[in-house]
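Subject: Structure handover and notes

Dear colleague,

I am passing on to you the structure shown below, together with notes on what was found in it. Please keep the sequence and the 3D view open while you read.

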Amino acid sequence: MMVRIGVVGTGGWGKNHVRVLNELQTLAAVCDLDHERADSFSKKYHVPGYTSLEAMLKAEKLDAVTICTPASTHFKMATQALAAGVHIFVEKPMTTSVKDGELLIEAAKNANRFLTVGFIERFNPPITALKQMISEGKMGEPILLEFHRENRRGQNISDVGIVKDASVHDIDTACWLFGEVPKVVYARVGAAYVPLEHEDFATILLGFSGQKTAFLVTNWITPNRVRTLSAVFSGGVVDVDFVTQQTSIHEGSTTTVPTRPVQEPLMLELKGFADAIREKRQPLVTGKDGLNVLRTAEAVLASSSSGTPVYLG
Ligand SMILES: NC(=O)c1ccc[n+]([C@@H]2O[C@H](COP(=O)([O-])OP(=O)(O)OC[C@H]3O[C@@H](n4cnc5c(N)ncnc54)[C@H](O)[C@@H]3O)[C@@H](O)[C@H]2O)c1
């Protein structure tokens with residue numbers, strides 16, 4: 001079955017969705033408020049271009065849309081698409097609040113359509129391999145996941161702070177690798193650059209069951225791009241670089257570096273989405289995962305303002 005997907009928002013990130021879905025032969029239409037962008041991607045990929053989601057949904061027979069507009073528009077775009085009867089892939093963060101997230105999950109359920117969220121790191125080959133190692137118990141029990149996601153802030157103005165924009169990736173990866181949601185959150189966040197409406201650095205401690213802990217350092221300050229994870233197990237340590245996709249496995253005094261082909265995570269993620277639609281099954285990331293991450297992100301902000309840990313029920 002041919003899967004027809006439309007992309008809403010062809011900006012800094014959405015243009016990659018357009019390119020990859022075209023390669024997957026599932027790109028059916030593009031949409032951007034900015035008519036020059038809609039036009040240029042329409043011409044480049046020989047698909048119809050629209051300046052409103054409503055117009056695209058009305059004119060095209062689509063199976064799904066991917067929503068790559070700014071976070072504050074996700075809820076509106078996603079509910080509109082569900083109402084038109086298409087499956088949705090919403091870029092992270094799923095919505096800007098837990099309340100909207102709950103309503104969106106309900107809307108997807110009522111429409112009987114799949115909802116998935118752009119937690120791309122699950123599709124990054126070293127993370128997929130790490131998840132497999134954990135399931136097989138190869139390194140013993142996982143104890144600590146230490147994430148660093150640091151880089152000077154990009155040009156495009158963000159309508160959410162760094163926690164909902166960037167830390168959410170590592171929150172989701174931590175939940176996915178541990179296979180559960182945190183029980184307690186303690187965090188300190190702040191803004192180093194003035195004037196900034198939102199926070200631009202966050203240090204987050206997530207306590208999971210037993211002794212399992214995740215420690216997340218996220219900032220828009222560090223000049224170079226750092227995206228790493230160090231996973232401490234009872235039997236050794238696994239270091240992952242999200243950018244180079246290199247994994248180093250340290251056991252005793254031995255370090256091994258498995259060779260694995262570098263693959264574009266977005267290609268794996270969108271192929272997974274298209275395959276799930278074709279096979280009529282829920283994609284890997286669920287709306288509930290998106291909501292759990294939002295709950296944790298809101299607890300991060302609440303913990304920082306109160307200066308106390310936040311216990312999640
Ligand atoms: N998964 C990832 O690794 C990753 C990376 C970067 C960004 N993102 C996410 O992608 C989304 C977009 O980020 P970006 O950096 O591309 O932003 P951007 O500002 O570069 O692009 C947004 C685009 O959406 C268009 N737009 C805005 N409102 C619209 C509307 N109502 N209808 C149609 N088009 C509209 C704008 O004209 C613009 O072209 C955000 O949710 C962001 O968090 C995800």
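To begin with Arg225, this residue has 11 C-beta neighbours inside 10 Å and therefore counts as exposed, since the limit for an exposed residue is 12 or fewer. Please bear in mind throughout that this is a predicted model. Arg225 lies in the loop between strand 10 (213-219) and strand 11 (226-233), and, leaving aside its neighbours within four places in sequence, it is in contact with Asn151 and Val243. Arg225 and Arg149 are 76 residues apart along the chain, yet their C-alpha atoms are separated by 7.7 Å.

A similar description can be given for Gly179, which is placed in the loop between helix 7 and strand 8 (184-190). Gly179 has 13 C-beta neighbours inside 10 Å and so counts as partly exposed. From Gly179 to Ser135 the distance is 9.7 Å, C-alpha to C-alpha, with their positions 44 residues apart in sequence.

Next come the helix contacts, in which helix 9 (287-306) takes part with two partners. The axes of helix 7 (residues 162-178) and helix 9 come within 9 Å of each other and cross at roughly 120 degrees, and the two helices are therefore oblique to each other. The crossing in which helix 7 passes helix 9 is right-handed. On the side of helix 7 the contact involves Val163, Lys164, Ser167, Val168, Ile171, Asp172 and Cys175, which meet Asp289, Asn292, Val293, Thr296, Ala297, Val300 and Leu301 in helix 9. Sorted by class, the residues of this contact of helix 7 with helix 9 are eight nonpolar, three polar and three charged.

With helix 5, helix 9 packs at an angle of about 170 degrees, and the axes are 9 Å apart. Helix 5 and helix 9 are therefore roughly antiparallel to each other, as angles over 145 degrees are counted in that way. Helix 5 brings Val98, Gly101, Glu102, Leu104, Ile105 and Ala108 to the contact, while helix 9 brings Gly287, Lys288, Gly290, Leu291, Leu294, Arg295 and Glu298. The contact of helix 5 with helix 9 has six nonpolar, three polar and four charged residues.

A few points of backbone geometry also deserve a look. Most residues other than glycine have a negative phi, and most peptide bonds are trans. Against that background, Asn112, in the loop between helix 5 and strand 6 (115-117), has a positive phi near 60 degrees without being a glycine. Asn112 is exposed, because 9 other C-beta atoms lie within 10 Å. Lys280, likewise not a glycine, has a positive phi of about 55 degrees, and is found in the loop between helix 8 (265-278) and helix 9. Lys280 is exposed too, with 9 other C-beta atoms within 10 Å. The peptide bond from Lys92 to Pro93 is cis, with omega near -10 degrees, and Pro93 sits in the loop between strand 5 (87-90) and helix 5 (98-111).

Finally, there is the ligand. Around it are 24 residues, of which Gly9, Gly11, Gly12, Trp13 and Glu91 come nearest. By class, this shell around the ligand consists of nine nonpolar, nine polar and six charged residues.

With kind regards

Terms used. Residues are numbered from 1 along each chain as its sequence is written. This is a predicted model: local features need pLDDT of at least 70, side-chain atom pairs count only at pLDDT 80 or more; totals for chains, interfaces and linings use all residues. A residue is near a molecule or strand if its C-beta atom, placed from the backbone, lies within 6 Å of it. Ala, Val, Leu, Ile, Met, Phe, Trp, Tyr, Cys and Pro count as nonpolar, Asp, Glu, Lys and Arg as charged, and the others, Gly among them, as polar. Helices (H or I, at least four residues) and strands (E, at least two) are DSSP runs, numbered from the N terminus. A residue is buried if 20 or more other C-beta atoms lie within 10 Å of its own, exposed if 12 or fewer, and partly exposed in between; C-beta atoms are placed from the backbone. Axes are lines fitted to C-alpha atoms, for helices over the stretch in contact, and angles run from 0 to 180 degrees between N-to-C directions. Angles under 35 degrees count as roughly parallel, over 145 as roughly antiparallel, 65 to 115 as roughly perpendicular and the rest as oblique. A crossing is left-handed if the near helix is turned anticlockwise from the far one by less than a right angle, and right-handed if clockwise. Two residues are in contact if their C-beta atoms, placed from the backbone, lie within 7 Å.
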